[in-house]
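Here are my notes on this one, with the model open beside me. Have a look at the fold first, then go through the points in order.

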Amino acid sequence: MPEHSLRRDGENFDHTLLLAETETPLPPIVVHRTTRCVIDGIHRLRAAISRGATVIEVVYFDGSADEAFVFAVRANIEHGLPLSITDRRAAAARILASHPHWSDRMIAGTTGLAAKTVAALRAGAPPNSHPRHRLGSDGRVRPLTTATGRLMAAEIISTRPSASLREIAKAAGISPGTVRDVRDRMRRGEDPVAKRCGTTGRGQLDVRCPEQRANLDVAAVLQRLGRDPSLRHNEIGRRLLRWLYLHTIDSQDCARVVESVPAHNARLIAELAAECAEQWSRISVTLRNQGSDR
């Protein structure tokens, strides 16, 4: 069943005619498995119908309706007939409503808009589009301010001085490093909330605050990537997913694993880890540079 178009003006018949006349094999269309709606390839479907085709190659997308919409926007931005600025702004507004925890840059990268344009759309959006934490395009969750978490940590330290840094961090929603800073400040008789942390006059995150560090939800990111048809349905994408599943490390397991390494293998494993880290670092730098060029 054809999906409603992301385009305000509907289907572009000239583009459909162009596809119908091409002899080059076209990529399969993507269909939301649950609703059977086309989320990528409506022009390819129309072109096939105009040629008299009765079957067409399909890739199924598994996920919610909101996830399907995000995939459709990304697919239209990355290839095919580009969306207009009006269509992109409308898509960004819908994603702000369904994914309010996404950062401005993440939504901008999805819709092909500038981050400041998304920020302006968010400013005029309902209150539920302003959560306390944001998920960035790197998969890390960042708080807009650590002030509340710091105050909560200070209260826990006062009432439960024997609690571990990790226990306090989990309860207050901040990093163990921030808890340590709060505890040190309290010992010195200082305010647990660093004055340079929080928000600027514009209500944006003050990037000068060193304690505002990200927490990566590894399992959630891997699950999301594993559902992406653009990775699952080609050999290079599947290879990348295998790399990620095999070489992605949960920070909570690091200490336990490192402590169990036999002393006679420590140096060899350290060298191998350094080599893997260097390769992943190169991949990270390359992808970040590609993202900044878009």
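1. Start at H32: its bridge partner in β3 is F61. That pair belongs to the β1–β3 side of the sheet, where the two strands run parallel and four bridges join them. Bear in mind that this is a predicted model.

2. On the other side of β1 (residues 29–32), the pairing with β2 is antiparallel and rests on two bridges. Here V30 sits opposite D40 of β2.

3. Put together, this gives an open sheet of three strands, ordered β2-β1-β3, with mixed pairing. The edges are β2 (38–40) and β3 (58–61), each of which pairs on one side only. Ignoring direction, neighbouring strands in this sheet are turned by 40° against each other on average.

4. Which side chains of β3 are buried, and which are not? V59 and F61 point to one face and are buried, whereas V58 and Y60 point to the other face and are not. It's the alternation you'd look for, as side chains in a regular strand alternate between the two faces of the sheet. Note that F61, on the buried face, is also the residue bridged to H32.

5. Two helices lie across this sheet. Helix α2 (residues 42–50) lies across β1 and β2, and runs at about 115° to β2. Helix α3 (residues 65–78) lies across β1, β2 and β3, at about 40° to β2.

6. Further along, have a look at α8 (residues 165–172) against α9 (residues 176–187): their axes are 8 Å apart, and the packing angle is about 105°. Because angles of 65 to 115 degrees count as roughly perpendicular, α8 is roughly perpendicular to α9.

7. What makes the contact between these two helices? From α8 come L165, I168 and A169, and from α9 come P176, V179, R180 and R183. By type, the residues of this contact divide into five nonpolar, two charged and no polar.

8. Finally, some whole-chain numbers to keep at hand. The chain has 14 helices and six strands, and 32% of its 294 residues are buried. Of the contacts between residues at least 6 apart in sequence, 60% join residues at least 24 apart. The chain exposes about 18700 Å², with carbon and sulfur atoms supplying 55% of that area.

How values were computed. Residues numbered from 1 in each chain as written. Predicted model: local features only at pLDDT ≥ 70, side-chain atom pairs only at ≥ 80, totals over all residues. Heavy atoms only, no water. Axes fitted to C-alpha atoms, helices over the stretch in contact; angles between N-to-C directions. Parallel < 35°, antiparallel > 145°, perpendicular 65-115°, else oblique. Contact = heavy atoms within 4.5 Å. Nonpolar A, V, L, I, M, F, W, Y, C, P; charged D, E, K, R; others polar. Pairing = 2+ DSSP bridges. Buried < 20%, exposed > 50% of the residue type's maximum accessible area, 1.4 Å probe, protein only. Areas by Shrake-Rupley, 256 points an atom, 1.4 Å probe, with all protein chains shown as cover.
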